[in-house]
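Q: I have a structure open and would like to go through it step by step. Can we start from the top?

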Amino acid sequence: MIQIRKLYKSYDDVTALNAIDLDIREGSITGLLGPNGAGKTTLVSILTGVLKKNDGQVTVQGLDLDRNPDEIKAITGMVPQSLALYPLLTARENLEYFGTLYGLSGKRLRDRIAFSSEAASLQPFINRRAGKFSGGMQRRLNLAIGLLNDPKILYLDEPTVGVDAQSRRYMLDTIRRINAERCTTIVYTSHYISEIEQISDDIVILDEGSIILSGSKEDILSSRDALAIQVDSISGAVSESLSALAGVTCETGVIYVEKNDLLAQSIIRVASILRDAGATILNMHYDTNRLEELYLHLTKKELRDEE
Amino acid sequence: MRLLAGIIKKEVLEIIRDIQSLFLLILMPATFILVMSLSMQSLFQPGSDFTVKIIVNDLDRSPESTRYIGVLKKIKNITIVEQTIGLPEEAIRKKITEGDSNFGLVLTKHFTSAVRNFAGSPGEAPMVLYIEPAIQSSIQMGVKNQLLVEFLKLRTGSFFDANAALAAYAGIKKNNFFPEPDAVILPRFAVKSGPESAIPNASQQSVPAWLVFSMYFIVMPISLIFHTEKNYGTLSRIRSIAMDIRYLIAGKIVSYYIISMIQVVCMLCVGRFLVPLLGGDVIGFGSSPAGLFLIASCVGINSIAYGLLISAVSKNTQMAGSLGVILIIIFSAIGGIMVPKFVMPAAMQSLSIISPLAWGLEGFLDIMLRNGGIEDILSECALLVLTSGVMLGATGIMLKKKIL
């Protein structure tokens, strides 16, 4: 659906995106995750035609972004990070205005407004000014505007910032429903790791303008949450002794110690058995089924204040 | 066309729902026009109710001085607030500085001799006039002339009384010697063409000035909407839509033009209907509606181009607001909006040619005050359109560089 090759973007001397290669599958929900300044918004802005890239190639459904920007924009919807709406206009007037910009009119415009406002659960408030909406309602209107042109690809750039848990849940459900019912390809950026974990089929972790991890959620997240100890070789007897310990399992060359309250004691026992057996520990790492741990492990835990 | 209509609808709705913009575009200039028209009325209208307050201190205490004071009392524009016969000089100064009076007139003990003495040198001054420093020089001059004229009338009357036989022999009548001013000077106001207009009044002076001034305040809503769109991310959203951005700019220009024309109609209605209701003068629109429409359109387009340029060069609404307003005030000051151009020194008058507000004001005055037609405002219109083109071009370049 979307192919990105050697994409490069810089602002003055700062490299925002550095040789990005990425494929986004049709009909998938791809979660873009990364700390502040990782390049998520820049990537979305380039893909939506808001920003110009410095180098690289982007094709969407076989269309080149440089040569066919309008054709790509026509099948694209965008829900930007900021509330891209007019507070002095009512929700309906906002939807009518952006619908007109999308080239909609008459019955088609009315139908799309009805669909979008229903999807965002705004119909009871459609004649109220957007400036009088709560934060959650404004975010939902922001989403509704992005759905107006019935996009094949929908980019959502941190669409749930500052909303309450109920609105966030509703928006995530709506996005998933749209993806399922209309087979809309969705690219979703967020600071909320749980959101990405919850909603995405594929996950991309960006840091300092580069992709540091990408793949399907199943591939990225292990089924277990354990300390993996890789050893040179152990005998069957040692393996049996280790497996007899609570929360410890052995596979070929790897011992998994379950991450629970007894982890410290288990590690001491495993280490003791391995020492007695004369086995050499080659490597130790956590296998996690939690995205947050993986994310913090990959992007380090230091604060990422933007300059 | 549907796209353009949609953009215009949104822009107009945004402006008319913004209380601050409505205040700046309609209420502020309407208030200016009302206040200035009513307060300046007496200055522009001959024979009006405008009066100066005078304290008269009669040190001469003679029939001549009494007669002179009696004559002054009959003058419509002079009110004698106090008449004394021995008030010290300090007390007169104090009363003037405390605002009890605008002038203090002392008839010295030489008054009678000055009235009656036709042969010798003038001698001591018969009158001393204390003047409040804040009084306009034109009013000072008017009062001095009035006092002088009445003194000369008294003196001439005295001459006639002393030489009645000689006057009768020469066939000179005392009453005909000082005719009424209108019988001597017939004022006529120079107009461009057509019939002579009525005497220009305060409304006709102030309505065009404050109308032009207020039209440039469209910079505020323009910059507010522009920066809100930028900050709220709506410009980014619009750029992600497959549409020709030129429609957006054209839609904005047409919307603001409509607002400008509404503003013009409102201000002219204030001058025509509201000011007279409050006792002010009725404004005349001249004899060329097409000319009025043309100059209003040119000023409107110029003010919109100015607003867009200020929005493009400024980083945020605050900067656009201060920069936009400061420049309007500077151009108003040198353009004859705040102070009529004819009272400015020659150098300042020359400087006014750089002010677009001065071009607009001259155009409105040509039509409304001087009864001019389209041909009389072509140079002003050309200047306004030309600078609008330059400002819009610069705006386009800047927007392309910074945003689009």
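A: What follows is a short walk through this model, which is a predicted one.

Q: OK, which domains does chain A have?
A: The assignment gives domain 1 (2–218) and domain 2 (226–289).

Q: And how many Å separate the centres of those two?
A: Taken over C-alpha atoms, the centres of domain 1 and domain 2 of chain A are 45 Å apart.

Q: How is chain B divided?
A: Chain B has domain 1 (2–44 + 198–402) and domain 2 (52–184). Domain 1 of chain B is thus written as two segments. Between the centres of the two domains of chain B there are 49 Å, again over C-alpha atoms.

Q: Now the contact between the chains. How many residues does each one put in?
A: Chain A contributes 31 residues and chain B contributes 24 residues. Together the two chains bury about 2400 Å², with 62% of that on carbon and sulfur atoms.

Q: Which three residues of chain B supply the most of its buried area?
A: They are B:Arg17, B:Tyr232 and B:Arg237, which supply 31% of the area that chain B buries against chain A.

Q: What does B:Arg17 form a salt bridge with?
A: Its partner is A:Glu93, and the closest N and O atoms are 2.6 Å apart. The count between chain B and chain A is two salt bridges. The interface also has 12 residue pairs in polar contact.

Q: Which helices of chain B supply residues to that side?
A: Helix H1 (2–16), helix H11 (219–232) and helix H12 (234–239) of chain B each supply at least two residues. The largest share, eight residues, comes from H1(B).

Q: What classes of residue are on that side?
A: The side of chain B that touches chain A has nine nonpolar, six polar and nine charged residues.

Q: Back to salt bridges: how many are there over all chains?
A: The structure holds 27. One of them joins the side chains of A:Arg25 and A:Asp202, at 3.0 Å from N to O.

Q: Where do those two sit in the chain?
A: A:Arg25 is in the loop between strand E2 (14–24) and strand E3 (29–33) of chain A, while A:Asp202 is in strand E9 (residues 202–207) of chain A. They are 177 residues apart, so this pair links distant parts of the chain.

Q: New topic. How many aromatic pairs are there?
A: The search finds 11 over all chains.

Q: Take A:Tyr86 and A:Phe98. Why does that pair count as stacked?
A: The ring planes are at 20 degrees, so the pair is stacked, and the ring centres are 5.9 Å apart. A:Tyr86 lies in the loop between strand E6 (76–79) and helix H3 (91–101) of chain A, and A:Phe98 lies in helix H3, 12 residues apart.

Methods
Residues are numbered from 1 along each chain as its sequence is written. Chains are lettered from A and ligands numbered from 1 in the order in which they are written. This is a predicted model: local features need pLDDT of at least 70, side-chain atom pairs count only at pLDDT 80 or more; totals for chains, interfaces and linings use all residues. Side-chain values use heavy atoms; hydrogens and water are left out. Domain bounds come from an automatic or database domain assignment. Contact means heavy atoms within 4.5 Å. Buried area is the accessible area (1.4 Å probe) that two parts lose on being put together, summed over both. A salt bridge is a side-chain nitrogen of Lys or Arg within 4 Å of a carboxyl oxygen of Asp or Glu. A polar contact is a pair of N or O atoms within 3.5 Å; within protein, one must be able to donate a hydrogen and the other to accept it, and residues adjacent in sequence count only if both atoms are side-chain atoms. Helices (H or I, at least four residues) and strands (E, at least two) are DSSP runs, numbered from the N terminus. Ala, Val, Leu, Ile, Met, Phe, Trp, Tyr, Cys and Pro count as nonpolar, Asp, Glu, Lys and Arg as charged, and the others, Gly among them, as polar. Rings of Phe, Tyr and Trp (its six-membered ring) pair if their centres lie within 6.5 Å; planes under 30 degrees apart count as stacked, over 60 as edge-to-face and the rest as tilted.
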